[in-house]
Amino acid sequence: MTAPELTIADPDDAAGQAVFDDLIEADSRVEPRDWMPAAYRRTLVRQISQHAHSEIIGMQPEGNWITRAPSLQRKAILMAKVQDEAGHGLYLYSATQTLGITRDEMTQQLIDGKARYSSIFNYPTPTWADMGAIGWLVDGAAIVNQVPLCRCSYGPYARAMIRICKEESFHQRQGFEILLTLMQGTAAQRQMAQESVDRWYWPSLMMFGPPDDESPNSARSMAWKIKRFSNDDLRQRFIGMLVPQAEVLGITLPDPELAWDEDAQQWHTSPIDWNEFSEVLAGRGPMNAVRIQTRRDAHEGGAWVRAAAAEYARKQALRDAEVA
Ligand code: BYC
């Protein structure tokens, strides 16, 4: 697949820089053919492709439960959710392609283990309650992180995020509803829900990235209005959203120190285990190797579909040329 035709910026174009600065200052959108600094382009390729990969890898932990969902209705809902994630990945790959990289290149980086994707998808899903915890915590964190991205300065990313966020809201509610049903069930079901939240809570806090003083990309991304809020600010907002919802569920968030600090006007938490986060990012999380191997197998197994589609397109183009 070829990259869309682009005028890649002359990095020393002072007039282009001035127009770009004005667009950012005015809170307008930068579009694919606009001049943009090379580092802005690189940052977007990095963030949007990582986001796309996260959606695609994120299908695996839940896909694992489609055949085992406890009812036909649960199965249909879960299948729809996982399909939504495939769709999100495709919008995001398309948005990244507008920056001059091909989907083939991005896919190759992913299956070669060279690309990042969200740390959260390197954890296993051994119980049905994990479908609830993923929806409530993982999609919940995704919404908090992604709603501000609807106002990101890069037009194609911002527009993709609008639809994605609408679908994520549905995902979050379905997760909450799974947990609520379990919490209203038997003692064993309540225990399963709590045990799952115990496992997913801390990794979901890590989804927002390292603390602000250890986040090398934040300052520049915020100046460019790609990111609108810092990692820690969003993490705080997420905790504030969870606390009342946990009360409704009757679930305990697994942090004995969690409390609202009136003086600091923020949530006080136990220390987050950033060592665990680094291990997962370094490829040593519980499921990193399985996730990449599964994606690689799927890509290789799908080669015949790509070949068939390309051949169909070639024949179609020939037929169209004959008609013309
Ligand atoms: N996992 O300077 P920082 C979903 C990396 S999909 C892995 O703060 P930045 C869903 C970071 O990339 C959820 N890596 O970076 C799907 C950087 O490394 P590089 C995905 C992480 O970019 C299916 C380094 O750490 N969401 O919700 O300013 C089912 C330093 O970090 C993580 C998105 O992708 C992490 N958690 O901020 C259900 C949202 N955190 O690239 C749900 C879009 C940090 O320099 N992305 N790193 O080698 C973002 O908002 C930002 O990229 C981040 C990180 C907040 C994640």
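Is Phe-208 buried or exposed, going by relative accessibility? I started my notes there, and Phe-208 counts as buried because its relative accessibility is 4%. Reminder to self: this is a predicted model.

**Entry 1: Phe-208 and its ring partner**

I looked for Phe-208 along the chain and found it in the loop between α8 (187-206) and α9 (218-223). I then checked Phe-238, which sits in helix α10 (residues 231-249). The relative accessible area of Phe-238 comes out at 0%, so I put that residue down as buried. I computed the ring geometry next: the centres of Phe-208 and Phe-238 are 5.3 Å apart and the planes are at 45°, so I logged the pair as tilted. The two residues are 30 apart in the chain, and the pair links distant parts of it.

**Entry 2: Ser-230**

I stayed with Phe-208 for one more lookup. Its C-alpha is 8.8 Å from the C-alpha of Ser-230, with their positions 22 residues apart along the chain. Ser-230 belongs to the loop between α9 and α10. With 8% relative accessibility, Ser-230 is another one I list as buried, because the cut-off for that is under 20%. What does Ser-230 touch once neighbours within four places in sequence are left aside? I got Asp-212 and Met-222.

**Entry 3: the other aromatics**

I counted aromatic pairs over the structure and got nine. One of them is Phe-20 with Tyr-40, an edge-to-face pair with 4.9 Å from centre to centre and 75° between the planes. Phe-20 is in helix α1 (residues 14-25) and Tyr-40 is in helix α2, 20 residues apart, so I noted this as a link between distant parts of the chain. Phe-20 and Tyr-40 are both buried. I followed the ring pairs outward and ended up with a cluster of Phe-20, Trp-35, Tyr-40 and Trp-224.

**Entry 4: α2 against α4**

Tyr-40 got me onto helix α2, so I went through its packing. For two packed helices, the description is the angle between the axes plus the distance between them. How do α2 and α4 run relative to each other, roughly parallel or roughly antiparallel? The axes of α2 and helix α4 (residues 72-97) come within 8 Å and cross at roughly 160°. That makes them roughly antiparallel, because the cut-off for the label is over 145 degrees. I noted the crossing of α2 and α4 as left-handed. On the α2 side, the residues in contact include Val-45, Ile-48, Ala-52 and Ile-56. On the α4 side I picked out a few, among them Glu-85, Gly-89, Leu-92 and Tyr-93. Sorted by class, this contact has eight nonpolar, six polar and two charged residues.

**Entry 5: α2 against α7**

I took the second partner of α2 next. Helix α2 (residues 38-57) packs with helix α7 (residues 155-183) at an angle of about 30°, and the axes are 13 Å apart. The label here is roughly parallel, because the angle is under 35 degrees. The crossing of α2 and α7 is left-handed. Gln-47, Ile-48, His-51 and Glu-55 of α2 make this contact with Tyr-157, Met-161, Ile-164 and Glu-168 of α7. By class I got four nonpolar, two polar and two charged residues. Ile-48, His-51 and Glu-55 also turned up in my list for the contact of α2 with α4.

**Entry 6: α4 against α5**

I moved along to helix α5 (residues 103-111): its axis comes within 9 Å of the α4 axis, and the two cross at roughly 115°. Which residues of α4 meet α5? I found Leu-90, Tyr-93, Thr-96 and Gln-97, and across from them Arg-103, Met-106 and Leu-110 in α5. The class tally is four nonpolar, two polar and one charged.

**Entry 7: positive phi**

Last lookup was backbone phi. Most residues other than glycine have a negative phi. I flagged Asp-27, which is not a glycine yet has a positive phi of about 65°. Asp-27 sits in the loop between α1 and α2, and its 39% relative accessibility is why I call it partly exposed. I flagged Gln-265 too, with a positive phi of about 55°. Gln-265 is in the loop between β1 (259-261) and β2 (266-268). At 48% relative accessibility, Gln-265 also goes down as partly exposed.

Note on methods: Residues numbered from 1 in each chain as written. Predicted model: local features only at pLDDT ≥ 70, side-chain atom pairs only at ≥ 80, totals over all residues. Heavy atoms only, no water. Axes fitted to C-alpha atoms, helices over the stretch in contact; angles between N-to-C directions. Helix = DSSP H or I, 4+ residues; strand = E, 2+ residues; numbered from the N terminus. Parallel < 35°, antiparallel > 145°, perpendicular 65-115°, else oblique. Left-handed = near helix turned anticlockwise from the far one by under 90°. Contact = heavy atoms within 4.5 Å. Nonpolar A, V, L, I, M, F, W, Y, C, P; charged D, E, K, R; others polar. Phe/Tyr/Trp six-rings, centres within 6.5 Å; stacked < 30°, edge-to-face > 60°. Buried < 20%, exposed > 50% of the residue type's maximum accessible area, 1.4 Å probe, protein only.
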